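Biologist: I am new to this structure and would love a close look at a single part of it. Could you take me through the salt bridges, and then show me how they sit within the rest of the chain?

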Amino acid sequence: YHFIKDYVYILGKTGFSFAFVLSSYINTFVILEEKERTGRFHPWKFYVRRALRIWPLYFLMVAFCFWGFPLLKAMLGEPYHETTPAWPFLSFTGNFYMLNHGFPYLPALSVLWSVSVEEQFYLVWPWLLWLFDKKRLVLVGCLLLTFFLFTSIAFSRTNVFFHTLFMTGDIAVGAFFAFLSFRQGSDTFKRFSQLPRWAIFGFYLAFVGCIHFYHILFENPYLPAWFNLCIERLSLGIFLGFFIFEQNYCMHSPFKFGQLKRISYLGLISYGLLCFHEVGILAANKILEKFSWSNPLLTELGLKPLLGFFLLIPVSILSYHAFVS
């Protein structure tokens, strides 16, 4: 149980890293594309598009956590009181509140810290791209320097994982591969896009090896803990950024996940899956409590996540078509 749970935790952290790398990649590419197509970039239109995509479902989730869930608990005759105030999550500063005060009582609220980081990223990113328009690699270098300096200074003082500056490493990686993808006439793009199949397969195999030998590779007792963390985050981020590029542009990919229509559809509703996944787990837990199974391997790592996932699917589909499509 503990062996499997350890790797579930590692993959969970890597999943958040992938989300930030992907977000940086997509938003960087969209901004560059709009500027090339129209001759200029309109930041306010960018903000409106992001708000329409993120805010409706986000604020619905915040309202449920602070007002709907307590009401539901009261109807069931169960006591509940959320100790976290609403204002950090209403102002998209929930990640900083969690740095100072820890996790909220309700797990469904705690996952929203990543949305706060995303909104802070959206706020400054168009202006950074404008400022470094002719020196894009300098921007990537500045972000990486910020990532290393912040982690080295703050590692022993706080949980850096929730801090926006800690995410600058993932943002730098996503931006780099977006810059590479946008320059399709460059020699670097051609070399990457024409990688042979065995080399691409080697990248995937190396990524699996990094996950399998995680503790050996990224917990080196001879290096400072903060440096191990930086190397881990940057190494896995580069793999994830390459996978995004490879799936879109490599001509010799062993397989394109876009061919799996159902998996691709899960990508469309992934924001709903993120926001609601703890609610699904709570619902699954309530259902499984009725059966009184005591095997943690079967329930905690098997039935509960699977049941929660299938409970989430219709809710996420509904939220996508109600707020996004």
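**The salt bridges and their surroundings**

Modeller: Happy to! A search of the whole structure, which is a predicted model, turns up five salt bridges. Let us begin with the one between Glu34 and Arg49, whose closest N and O atoms are 3.2 Å apart. Glu34 belongs to helix α1 (residues 2–38) and Arg49 to helix α2 (residues 43–75), so this pair ties together parts that are 15 residues apart in sequence. How buried or exposed are the two partners? Glu34 has a relative accessibility of 7%, and because the cut-off for buried is under 20%, Glu34 counts as buried. Arg49, with 37% relative accessibility, counts as partly exposed.

Right beside Glu34 in the numbering comes Lys35, which has a salt bridge of its own. The partner is Asp133, and the closest N and O atoms of this pair are 2.6 Å apart. Lys35 sits in helix α1, while Asp133 sits in the loop between α6 (113–131) and α7 (136–154), so here the salt bridge ties together parts that are 98 residues apart in sequence. Lys35 is partly exposed, its relative accessible area being 30%. Asp133, in contrast, is buried, with a value of 16%.

Asp133 has a further partner to show you. Its side chain also meets that of Lys134 in a salt bridge, at 3.9 Å from N to O. Lys134 has a relative accessible area of 75%, so it is exposed. Which residues end up in one network through shared salt-bridge partners? They are Lys35, Asp133, Lys134 and Arg136. As you turn the model, it may help to start at Asp133, since this residue forms salt bridges with Lys35 and with Lys134.

Now let us step back to the chain that holds these pairs. Its secondary structure consists of 15 helices and zero strands. For 325 residues, a compact globule would have a radius of gyration near 20 Å, and the 21 Å of this chain agrees with that. Along the principal axes, the C-alpha atoms fill a box of roughly 65 × 45 × 45 Å. Buried residues account for 43% of the 325 residues. If you look at contacts between residues at least 6 apart in sequence, 72% of them join residues at least 24 apart.

The surface and the charges round off this wider view. The chain exposes about 17900 Å², with 70% of that area supplied by carbon and sulfur atoms. There are 25 positive and 17 negative charges, and the mean positions of the two sets lie 7 Å apart.

A few other residues make good stopping points on your way around. Ser114 is placed in helix α6. With a relative accessible area of 6%, Ser114 is buried. Setting aside residues up to four places away in sequence, Ser114 touches Phe16, Phe20 and Leu274.

Ile281 is in helix α14 (residues 270–289). Its relative accessible area is 29%, which makes Ile281 partly exposed. Beyond residues up to four places away in sequence, Ile281 touches Lys304 and Gly308. From Ile281 to Ser319 is 38 residues in sequence, and their C-alpha atoms are 18 Å apart in space.

Two loop residues are worth a visit as well. What is the sign of phi at Phe92? It is positive, at about 60°, although Phe92 is not a glycine. As background, most residues other than glycine have a negative phi. You will find Phe92 in the loop between α3 (87–90) and α4 (94–101), and with a relative accessible area of 10% it is buried.

The other loop residue is Leu195, between α9 (187–193) and α10 (197–212). Leu195 is buried too, at 18% relative accessible area. Apart from neighbours within four places in sequence, Leu195 is in contact with Ile200, Phe203, Phe242 and His252. Leu195 and Ile238 are 43 residues apart in sequence, and 16 Å separates their C-alpha atoms.

To come back to where we began, keep two places in view: the pair Glu34 and Arg49, and the network that joins Lys35, Asp133, Lys134 and Arg136.

Definitions and conventions: Residues numbered from 1 in each chain as written. Predicted model: local features only at pLDDT ≥ 70, side-chain atom pairs only at ≥ 80, totals over all residues. Heavy atoms only, no water. Helix = DSSP H or I, 4+ residues; strand = E, 2+ residues; numbered from the N terminus. Rg over C-alpha atoms; globule rule 2.2 N^0.38 Å. Buried < 20%, exposed > 50% of the residue type's maximum accessible area, 1.4 Å probe, protein only. Contact = heavy atoms within 4.5 Å. Areas by Shrake-Rupley, 256 points an atom, 1.4 Å probe, with all protein chains shown as cover. Lys, Arg positive; Asp, Glu negative; His and termini not counted. Charge placed at Lys NZ, Arg CZ, Asp CG, Glu CD. Salt bridge = Lys/Arg side-chain N within 4 Å of Asp/Glu carboxyl O.
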